[in-house]
Amino acid sequence: MTMENNTLNEKALKSNIKFTMVSPVLGANVECGSVASLSDSEISTIRNGLLENMVLLFRNQKLSDPELIQFGKRLGELDIAPFGYTNNQKERQYEEMVIISNVKEGGVPIGVLGDAEVVWHSDNSYRENPLSFSLLYSVELPDSGGETGFSNMYLAYEALPADIKSKIQNLVIKHDITYNSAGDLRRGFKDSSDPVTAPGPYHPIVRTHPETGYNALYLGRRPNAYICGLSVEESESLLNMLWTHATQDRFTWHHSWKIGDLLIWDNRCLMHRRNPFNPKARRVMHRLQFAGTRPYYDPRALTRGRHPRSVG
Ligand code: OGA
Ligand code: MN
């Protein structure tokens with residue numbers, strides 16, 4: 001338990017919210033009853049807890065879709081995901097809610113991301129203004145597989161050798177927009193395997209979190225990534241090194257889902273991935289996404305020291 005978490009628990013006591021760490025490096029389980037009946041001050045305690053712990057897990061939720069969306073709206077500004085960013089998808093019932101699923105109805109997928117592995121990524125890094133938080137709520141699950149993993153990018157940044165930190169502090173990565181994290185081509189884009197010409201926005205490799213003020217590594221997605229100003233060979237070798245570093249087990253925690261679990265994470269300081277699962281099994285998750293701002297690097301953040309959960 002860090003000091004900060006004790007403080008948070010003391011503050012939360014009055015409102016009967018309890019945070020318990022789920023791993024040494026990131027994440028907290030939140031006991032607060034139904035997220036559909038929280039007070040305004042409890043919502044703000046939860047939002048602070050999210051900034052402090054990077055991932056929050058709420059168990060045993062029984063939420064209708066409107067209740068889920070209402071909870072999301074109280075936590076932050078919801079981002080409306082563009083419809084049909086891959087081909088062939090069922091119409092959405094609520095514009096705020098995306099289905100993540102491998103289930104097909106009459107041959108048409110009811111959602112996205114299928115049943116294969118979803119590789120490490122940070123949501124929507126291929127946009128000028130990537131997402132802040134993402135939320136998943138489990139509705140149907142396979143017996144095994146489909147676990148979702150997270151890696152702490154504050155800690156990955158802190159653990160880099162000093163020479164690498166200074167080498168990357170003013171470099172930017174081009175974040176490929178061609179493929180999603182399940183490897184599917186986004187609608188309107190052509191196949192591309194050339195990192196130099198693949199389309200996408202530039203974001204700093206070292207990203208200052210706009211709310212906590214701490215620095216984190218910001219890598220986005222590996223396929224077609226390119227570090228601006230370097231030769232392709234130099235870019236590939238630096239990216240390979242950073243990716244191997246950032247995805248080490250010592251920075252990660254994997255969640256094994258139960259029905260009624262609700263997970264919210266902060267894309268600005270984490271990457272996430274998903275294990276594959278049996279294609280014959282059904283996995284249905286309801287997902288919300290939260291608007292974010294353009295990534296930036298502020299050198300003054302260096303004086304701030306370490307994020308409270310990244311002291312390892
Ligand atoms: C996502 C995502 C992983 C999962 O919804 O952004 O990466 O476990 N999902 O379904
Ligand atoms: Mn994702």
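**Exercise 1. Burial of β18**

Task: In this predicted model, determine how many residues of β18 are buried and which residues lie on each side.

Solution.
- Start with the count. In β18, 5 of its 5 residues are buried, and the strand is mostly covered.
- Split the strand by face. L270, H272 and R274 lie on one side. M271 and R273 lie on the other.
- In a regular strand the side chains alternate between the two faces of the sheet.
- Check both groups. Each of these residues is buried, so both faces of β18 are covered.
- Take one value as an example. H272 has a relative accessible area of 5%. Buried means under 20%, so H272 qualifies.

**Exercise 2. Partners of β18**

Task: Find which strands pair with β18, in what sense, and over how many bridges.

Solution.
- Take β8 and β18. They run antiparallel and are joined by 2 bridges.
- Locate a residue pair. V118 stands opposite R274 in β18.
- Take β10, residues 148–152. It pairs with β18 in the antiparallel sense over 5 bridges.
- Locate a residue pair here too. The bridge partner of F150 is H272 in β18.
- Strands of a sheet pair through backbone hydrogen bonds, either parallel or antiparallel.

**Exercise 3. The manganese site**

Task: Identify which residues coordinate the manganese ion (ligand 2), and state where D123 and H272 lie along the chain.

Solution.
- List the donors. They are H121 (NE2), D123 (OD) and H272 (NE2), at 2.1 to 2.2 Å.
- Write the spacing along the chain: H-x1-D-x148-H.
- Place D123 and H272. D123 sits in the loop between β8 (118–121) and β9, while H272 is in strand β18 (residues 270–274). They are 149 residues apart, and the pair links distant parts of the chain.
- Check accessibility. D123 has a relative accessible area of 5%, under the 20% cut-off, so D123 is buried. H272 is also buried, at 5%.

**Exercise 4. The 8-stranded sheet**

Task: Give the strand order of the open sheet of 8 strands, and name the strands at its edges.

Solution.
- Read the order: β1-β2-β3-β17-β9-β19-β4-β7. The pairing is mixed.
- Find the edges. β1 (18–21) and β7 (112–113) each have a single partner strand, so one side of each is left without a neighbour in the sheet.
- Look at one pairing. β3 (residues 55–58) and β17 (residues 262–266) run antiparallel and are joined by 4 bridges. One residue pair is F58 with L262 in β17.
- Add helix α2 (residues 40–53). It packs on the sheet and touches β1, β2 (28–31), β3, β9 (133–140) and β17. Its direction makes about 130 degrees with that of β3.
- Add helix α3 (residues 65–75). It packs on the sheet and touches β9, β17 and β19 (284–289). Its direction makes about 30 degrees with that of β19.

**Exercise 5. The 3-stranded sheet**

Task: Determine the strand order of the open sheet of 3 strands, and which strands are at the edges.

Solution.
- The order is β12-β11-β15, and the pairing is antiparallel.
- The edges are β12 (202–204) and β15 (226–227). Each has a single partner strand, so one side of each lacks a neighbour in the sheet.
- β11 (residues 172–174) pairs with β12 over 3 bridges. The bridge partner of V172 is P204 in β12.

**Exercise 6. Cysteines**

Task: State how many disulfides the whole structure holds, and whether C32 and C269 are buried or exposed.

Solution.
- A disulfide is a covalent bond between the sulfur atoms of two cysteines.
- The search of the whole structure finds 0 disulfides.
- C32 has 16% relative accessibility and counts as buried.
- C269 is buried too, with a relative accessible area of 0%.

Note on methods: Residues numbered from 1 in each chain as written. Chains lettered and ligands numbered in written order. Predicted model: local features only at pLDDT ≥ 70, side-chain atom pairs only at ≥ 80, totals over all residues. Heavy atoms only, no water. Pairing = 2+ DSSP bridges. Contact = heavy atoms within 4.5 Å. Axes fitted to C-alpha atoms, helices over the stretch in contact; angles between N-to-C directions. Donors = N, O, S within 2.8 Å, 3.2 Å for Na, K, Ca; no water. Buried < 20%, exposed > 50% of the residue type's maximum accessible area, 1.4 Å probe, protein only. Disulfide = S-S within 2.5 Å.
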